[in-house]
There are 2 protein chains.
Amino acid sequence: MSVQLRPSQALRLWQQVSLAEVRGKAPDLTERQLAVLLTIYLDPPPHTVRGLAEKLDVSKPVITRALDTMGALKLVSRHRDPNDRRNVLIKRTVEGALFVERFGDVVVAKSAELPL
Amino acid sequence: MSVQLRPSQALRLWQQVSLAEVRGKAPDLTERQLAVLLTIYLDPPPHTVRGLAEKLDVSKPVITRALDTMGALKLVSRHRDPNDRRNVLIKRTVEGALFVERFGDVVVAKSAELPL
DNA sequence: CATGAATAAAACGGAGCCGAAACGGTTTCC
DNA sequence: GGAAACCGTTTCGGCTCCGTTTTATTCATG
């Protein structure tokens, strides 16, 4: 069973969520940063810089910098892979899980208010 | 009738759309710019700089700059209000309508692919 | 070992956005 | 008319992000 969503509802939903994000005081992430964060929290681990760069089709420095900023916000954490110490494994944090959860709640709340 | 969307579906939807936007070649707009654009195309006119600034709870220069960049992309156009020449009325364009329409199609397509 | 491959991070220069303040043009109200 | 208020824009310094290139560390291979 798929989610039934008409174009006008989809656009209205995006507007409402965007408005909530712009107005809110949550740390505003770039579109790329959000994509990285959601991928880390939705796709199965392990996550590496290289893997994320390939999945998003961006360069590795983009991922490194995104992890820098989100790491400063404590939304993710980095650890060296003990098996292959060249790799860095990105792990989830409590704060990050809370952030993602809250974001999902906003989307759900706004979708419940859609007209028609 | 409201749209039924569970948190995991909402997050997955946002991830898929974000990934599509990051990977895509469409001009990438800021979260604020997207909020401005959707408001212009979804809410009833007339739209003014001041009105948009109040609705998004941001300063007027933010709106002016967003209109600068989106105007350069021909997604919106500006015209002096003939009744009160202090005001600037923001109007829609064919390119902007097409951009919004395509974005809505992406959301609908991704929502149709959601699991569960 | 020693050389080369692979990985993430750091360095560098360029571009865009931000907030705050100042600026011109327009209207309103005595 | 003239002062004040309003509206959108511009300017300024600062910050962040981007893409590319360079560096440092670690692994694989002969």
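How many residues does the contact take from chain B and from chain A? The contact draws 40 residues from chain B and 40 residues from chain A. Do keep in mind that this is a predicted model. Below is a quick tour of the interface, followed by a look at one helix pair inside chain A.

**The interface of chain B and chain A**

- Between them, chain B and chain A bury about 3,800 Å², and 68% of that area lies on carbon and sulfur atoms.
- On the chain B side, B:Val3, B:Leu11 and B:Trp14 are worth finding in the viewer: they supply 21% of the area that chain B buries against chain A, more than any other three residues.

**Salt bridges across the interface**

- The rule finds two salt bridges across the interface of chain B and chain A.
- A:Asp43 pairs with B:Arg12 in a salt bridge, where the closest N and O atoms are 2.8 Å apart.

**Helix 1 and helix 5 of chain A**

- Helix 1 (residues 7-23) and helix 5 (residues 94-112) of chain A have axes that come within 9 Å and cross at roughly 135°.
- That angle is over 115 but not over 145 degrees, and helix 1 of chain A and helix 5 of chain A are therefore oblique to each other.
- The crossing of helix 1 of chain A past helix 5 of chain A is right-handed.
- Helix 1 of chain A brings A:Leu13, A:Gln16, A:Val17, A:Ala20 and A:Glu21 to the contact, while helix 5 of chain A brings A:Phe103, A:Val106, A:Val107, A:Lys110 and A:Ser111.
- By character, the residues of this contact of helix 1 with helix 5 of chain A are six nonpolar, two polar and two charged.

Notes
Residues numbered from 1 in each chain as written. Chains lettered and ligands numbered in written order. Predicted model: local features only at pLDDT ≥ 70, side-chain atom pairs only at ≥ 80, totals over all residues. Heavy atoms only, no water. Axes fitted to C-alpha atoms, helices over the stretch in contact; angles between N-to-C directions. Helix = DSSP H or I, 4+ residues; strand = E, 2+ residues; numbered from the N terminus. Parallel < 35°, antiparallel > 145°, perpendicular 65-115°, else oblique. Left-handed = near helix turned anticlockwise from the far one by under 90°. Contact = heavy atoms within 4.5 Å. Nonpolar A, V, L, I, M, F, W, Y, C, P; charged D, E, K, R; others polar. Buried area = accessible area lost by both parts, 1.4 Å probe. Salt bridge = Lys/Arg side-chain N within 4 Å of Asp/Glu carboxyl O.
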